[in-house]
Amino acid sequence: MTTPKRIIKETERLVAEKVPGISAVPHDDNVRYFDVKIDGPSQSPYEGGVFNLELFLPDDYPMTPPKIRFLTKIYHPNIDRLGRICLDVLKSNWSPALQIRTILLSIQALLGAPNPDDPLANDVAQKWKEDEKAAIETARQWTQQHAKA
Amino acid sequence: MLPLFHPLMQRLDSDFDIDQDDVGFESQDKDIIPAKHAYEVDFTVYSPEEIQGHQDKQIAEVSNILGQPPEATAILLRHARWNKERLIDQYMEKTDEVLERAGLGDTADAHPPRLERIPGFVCDICCEDDADLDTFAMICGHRFCVDCYKQYLQTKIKNEGEAARIRCPGDGCNRIVDSKSLDLLVSANLKDRYQELLTRTYVDDKDHLRWCPAPNCVYAVDCRIKDKDLMRIVPTVHCECSHFFCFGCSLNDHQPAPCSLVKKWLKKCEDDSETANWISANTKECPKCHSTIEKNGGCNHMTCRKCRNEFCWMCMGVWSEHGTSWYNCNRFEEKSGHEARDAQARSRQSLERYLHYYNRYANHEQSAKLDKDIFLKTEKKMTQLQNTTGMSWIEVQFLDSASQALQQCRQTLKWTYAFAYYLARNNLTEIFEDNQKDLEMAVENLSEMFEKPIDQLQGLKVEMMDKTAYCTKRRIILLDDTAQNLKEGKSLVRSLVLVTCTNQPLGQWKFNVTLP
Ligand SMILES: [Zn+2]
Ligand SMILES: [Zn+2]
Ligand SMILES: [Zn+2]
Ligand SMILES: [Zn+2]
Ligand SMILES: [Zn+2]
Ligand SMILES: [Zn+2]
């Protein structure tokens with residue numbers, strides 16, 4: 001199967017115009033599978049951490065959104081234990097005009113602004129609402145423990 | 001996403017049943033199937049054609065009032081979730097805003113949708129830039145090549161089942177793809193699917209309409225029961241396809257237990273199933289010789305093949321005692337409160353209590369399945385019997401009636417146990433349990449006859465027909481009594497809380513749980 005022009009162009013652009021704090025590198029043997037690294041945003045409990053994610057472009061991409069998941073353990077109300085992400089642009093608000101880079105930027109923004117009212121990890125969201133300070137401290141500890149480069 | 005039903009959205013002052021907004025529209029052109037008993041509700045069954053008819057009628061009417069063409073009116077109505085009063089009000093007040101929000105702003109007939117070739121265009125979706133690329137954009141200006149636009153619509157309609165509110169593929173754009181644009185871009189067979197989905201959204205958007213949940217059934221049921229009344233009414237409806245289901249929650253008929261109890265009960269059974277493996281226990285040991293016995297019929301009267309011991313499947317007690325003393329295996333004798341003082345004993349007792357009701361519940365569920373299997377087998381044998389004895393097809397129909405009655409009664413009995421589990425004891429509980437006992441006994445008798453060898457069935461015909469009629473009658477009495485009492489709990493249900501309190505007025509159900 002030939003690689004769709006869209007995927008080639010996007011990949012080229014990801015390499016040519018780097019986004020600060022984000023990298024996405026396709027596998028040599030599978031152009032639809034990317035190793036992703038996102039730096040924790042500054043002034044967030046994830047600051048100083050580097051988070052690994054895997055990203056896969058399904059056959060009907062870009063009609064359907066990319067599949068993406070955290071590989072690094074992370075304490076966040078919108079990310080569950082399996083690393084799945086609750087983000088509207090990955091679901092109902094996906095548009096085929098969106099790109100990998102925009103999605104990765106949204107994920108980075110989500111790290112900077114957790115939203116416990118729309119949780120995926122219910123226990124974490126609960127903690128976040130009850131005692132935000134303690135939750136942020138846990139997130140910071142997890143970052144130290146699991147996301148240190 | 002907006003929930004279709006939200007209790008807070010219901011007007012709390014209105015008395016129940018009639019939806020003021022829609023009176024007359026769906027109800028005038030077809031007979032309501034009237035409720036005869038306290039446990040029955042009024043409802044109407046509609047075919048897809050009738051549902052389409054309702055939509056067309058409403059579109060035509062509103063189209064006249066708004067002075068908008070039918071296509072645009074349809075979009076407006078769907079966008080307003082078919083609340084035509086609100087749509088008309090808002091349209092009169094702020095026309096432009098309403099049009100804009102429905103994705104119809106400024107379109108005007110001056111800009112009919114068309115394909116265009118634009119020099120230097122690059123499609124953001126596929127990255128193609130050929131000079132002869134056909135492109136399409138709605139008035140919002142988000143332009144894509146026509147292949148991408150088509151593929152997008154196909155994905156939305158075919159894979160995601162969207163129809164009424166498909167948005168522009170542009171990122172963050174809320175413009176809704178109108179039907180004229182769709183006509184231009186979508187293939188004929190996809191258009192059929194689109195129409196079908198549009199019809200579906202009409203039913204989904206109406207609180208008083210529901211699809212029959214039976215597989216492949218195309219009918220919808222209209223029932224004017226409000227969410228807040230589901231505490232005291234169990235709205236079982238009967239589709240043309242013969243499926244009985246609850247209008248409140250779409251589950252199979254679960255009378256006499258209200259939806260919220262059913263939900264609670266099913267959740268409990270699910271939660272407890274992991275810790276207790278007795279759930280799937282379809283085999284038991286003979287209480288006398290301990291050989292393994294598999295239940296292979298619907299009846300509870302078990303006879304051990306090995307030692308001929310006759311016992312009751314439910315309580316494992318000797319069967320002869322069930323015959324002489326009253327059939328008392330439906331009731332869990334509450335132990336005295338003193339015994340339960342220590343926490344462990346209490347939890348053990350509560351598990352025991354739960355198991356008591358659960359086992360009876362599960363037993364009827366299982367038996368209903370077995371009764372069905374047996375009927376299939378019997379049907380085959382009856383065909384042989386017709387050939388050998390000369391009984392006609394009509395003459396063997398009593399077996400079909402018996403089988404149907406058995407299943408219906410077991411379905412009811414099953415839920416009486418979930419219901420009883422949540423009931424606190426009072427005078428009403430006694431009456432309820434008597435009714436339950438009566439029905440259960442009749443059902444077991446009928447089930448036992450049903451399992452008799454084929455050559456005896458001919459001689460049992462009259463007796464079986466009587467028993468069938470009796471079972472049906474007892475079921476109606478039980479449901480009627482229970483429903484009546486539920487309804488009369490009106491004042492309590494009004495406050496939306498039913499709790500155990502010590503001075504319960506006579507004639508009301510008392511539950512051990514707080515219901516929403
Ligand atoms: Zn394109
Ligand atoms: Zn647009
Ligand atoms: Zn049906
Ligand atoms: Zn229900
Ligand atoms: Zn035995
Ligand atoms: Zn028994």
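B:Cys168 is where I would like to begin, because at 3% relative accessibility this cysteine counts as buried. Please keep in mind throughout that what we are looking at is a predicted model. What does B:Cys168 help to hold? Its SG atom is one of the donors to the zinc ion (ligand 2), and the other donors are B:Cys140 (SG), B:His142 (ND1) and B:Cys173 (SG), with distances of 2.0 to 2.4 Å. The angles among these four donor atoms run from 104 to 113°, and the site of the zinc ion (ligand 2) is tetrahedral. For comparison, you may remember that the ideal angle for four tetrahedral donors is 109.5 degrees.

If you follow the chain from donor to donor at the zinc ion (ligand 2), the spacing reads C-x1-H-x25-C-x4-C. B:His142 sits in the loop between β2 (135-136) and β3 (144-145) of chain B, while B:Cys168 sits in the loop between α5 (146-159) and α6 (179-185), so the two together tie parts that are 26 residues apart in sequence. In contrast to the buried B:Cys168, B:His142 counts as partly exposed, because its relative accessibility is 29%.

Let us move on to the zinc ion (ligand 1), whose donors are the SG atoms of B:Cys123, B:Cys126, B:Cys145 and B:Cys148, at 2.2 to 2.3 Å. Here the donor atoms subtend angles of 102 to 122°, which makes this arrangement tetrahedral. The spacing of these donors in sequence is C-x2-C-x18-C-x2-C, and since B:Cys126 belongs to the loop between α4 (95-101) and β2 whereas B:Cys148 belongs to helix α5, this pair ties together parts of chain B that are 22 residues apart in sequence. Are B:Cys126 and B:Cys148 buried or exposed? Both of these cysteines are buried.

Strand β2 has come up twice now, and one of its residues deserves a closer look. B:Thr135 is found in that strand, and with a relative accessibility of 1% this threonine counts as buried. Its side chain makes a polar contact, at 2.9 Å, with the side chain of B:Arg143. Once we leave aside the neighbours within four places in sequence, the residues in contact with B:Thr135 include B:Leu115, B:Ile118, B:Phe121 and B:Phe144, and also B:Cys145, which you have just met as a donor to the zinc ion (ligand 1).

A further site in chain B is that of the zinc ion (ligand 4), where B:Cys246 (SG), B:Cys249 (SG), B:His254 (NE2) and B:Cys259 (SG) lie 2.0 to 2.3 Å from the metal. With angles of 100 to 120° among its four donor atoms, this site too is tetrahedral, and along the chain its donors follow the spacing C-x2-C-x4-H-x4-C. B:Cys246 counts as buried at 0% relative accessibility, whereas B:Cys249 is partly exposed, with a relative accessible area of 28%.

Around these donors the backbone has two details worth pointing out. B:Ser250 has a phi near 70°, which is a positive value in a residue other than glycine, and this serine lies in the loop between β7 and α8 of chain B. The peptide bond from B:Gln255 to B:Pro256 is cis, with omega near 5°, and B:Pro256 is found in the loop between β7 (244-246) and α8 (259-273).

Stepping back to chain B as a whole, how many helices and strands does it have? The secondary structure comes to 14 helices and 11 strands, and of the 516 residues of this chain, 48% count as buried. Among the contacts in chain B with a separation of 6 or more, 61% are made by residues 24 or more positions apart.

Finally, we come to the interface with chain A, to which chain A contributes 13 residues and chain B contributes 16 residues. Between them the two chains bury about 1200 Å², with 56% of that area on carbon and sulfur atoms. There are two salt bridges between the chains, one of which joins the side chains of A:Lys5 and B:Glu128 at 3.5 Å, taken from N to O. Six residue pairs are in polar contact between chain A and chain B as well.

Definitions and conventions: Residues are numbered from 1 along each chain as its sequence is written. Chains are lettered from A and ligands numbered from 1 in the order in which they are written. This is a predicted model: local features need pLDDT of at least 70, side-chain atom pairs count only at pLDDT 80 or more; totals for chains, interfaces and linings use all residues. Side-chain values use heavy atoms; hydrogens and water are left out. Donors are N, O and S atoms within 2.8 Å of the metal (3.2 Å for Na, K and Ca); water is not among the atoms, so sites may look incomplete. Four donors count as tetrahedral if all angles lie between 85 and 135 degrees; four count as square planar and six as octahedral if opposite donors are over 155 degrees apart and all others between 65 and 115; anything else is irregular. Helices (H or I, at least four residues) and strands (E, at least two) are DSSP runs, numbered from the N terminus. Buried means under 20% relative accessible area, exposed over 50%, partly exposed in between (1.4 Å probe, protein chains only). Contact means heavy atoms within 4.5 Å. Buried area is the accessible area (1.4 Å probe) that two parts lose on being put together, summed over both. A salt bridge is a side-chain nitrogen of Lys or Arg within 4 Å of a carboxyl oxygen of Asp or Glu. A polar contact is a pair of N or O atoms within 3.5 Å; within protein, one must be able to donate a hydrogen and the other to accept it, and residues adjacent in sequence count only if both atoms are side-chain atoms.
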